[in-house]
Amino acid sequence: MSYTALKSLHILSMVLLFGTGLGSAFYKWMADRSGNVQHIAITNRHVVLADWLFTTPTVIFQPLSGLWMAAMAGWSWHSPWLATSLALYGLAGMCWLPVVGLQIRMQRLAEAAASARAPLPATYWRLARCWFWLGVPAFMAMVMVVVLMVFKHLPGASS
């Protein structure tokens, strides 16, 4: 595969990863704010599905394609911008993995509440707060990865 083709796939994957993550977070957060248990249950189901269909493949493809491009370009994996990007990506991943479990648990709780025509249990809202606060550092880390990916250097460092 040519470097240009791989770079194009890497960028498209990054856009899909970012867009799905931000879109899912927005729609889930807005559904939760609505208080409509039926709407919350459906939105949680869609968020979990989007994670399996879009986020998971791009989460796997991003580091593989990034490291493949680095090897093709002759960049050291220890260069400051690449090492920092990988560390930030790892941080985002350490936040994302528990988020996946939280989303599945919230989906089950919301579907049970919707089926019973009952309010969401307090556990749901506790999990939702954890989900939100795990998303903040993950999102910030991914923003920084994109900045480093585009500019390929840290201030004062060489590529």
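Trp 125 is partly exposed in this predicted model, with a relative accessible area of 31%, where buried denotes under 20% relative accessible area, exposed over 50% and partly exposed the range in between (1.4 Å probe, protein chains only). Tyr 124, by contrast, is buried, its relative accessible area being 0%. The model is predicted, local features being reported at pLDDT of at least 70 and side-chain atom pairs only at pLDDT 80 or more, whereas totals for chains, interfaces and linings use all residues. Residues are numbered from 1 along each chain as its sequence is written, and side-chain values use heavy atoms, with hydrogens and water left out.

A search of the whole structure yields five aromatic pairs, a pair being counted if the ring centres of Phe, Tyr or Trp (its six-membered ring) lie within 6.5 Å, with planes under 30 degrees apart termed stacked, over 60 edge-to-face and the rest tilted. Among them is the edge-to-face pair of Phe 26 and Tyr 27, with 5.3 Å centre to centre and 75° between the planes. Of these two residues, Phe 26 is partly exposed at a relative accessible area of 43%, while Tyr 27 counts as exposed at 55% relative accessibility. Tyr 124 and Trp 125 also form an edge-to-face pair, for which the centre-to-centre distance is 5.0 Å and the angle between the planes 85°.

Charged side chains also sit over aromatic rings, a criterion that requires NZ of Lys or CZ of Arg within 6 Å of the ring centre and within 35 degrees of the ring normal. The charged end of Lys 28 lies over the ring of Trp 131, 4.6 Å from its centre, and that of Arg 33 over the ring of Trp 29, 4.9 Å from its centre.

The largest pocket holds about 670 Å³ of space, a pocket being an open set of points on a 1 Å grid over the protein atoms alone, where a 1.4 Å probe fits, with protein on both sides within 12 Å along at least five of seven lines, and lining residues having an atom within 4 Å of a point. It is lined by 26 residues, of which Gly 21, Ala 25, Gly 135, Ala 138 and Phe 139 are the closest to its centre. By class, this lining comprises 19 nonpolar, six polar and one charged residues, with Ala, Val, Leu, Ile, Met, Phe, Trp, Tyr, Cys and Pro taken as nonpolar, Asp, Glu, Lys and Arg as charged, and the others, Gly among them, as polar.

Conventions:
Points joined across faces, edges and corners; volume = space filled by probe spheres on them.
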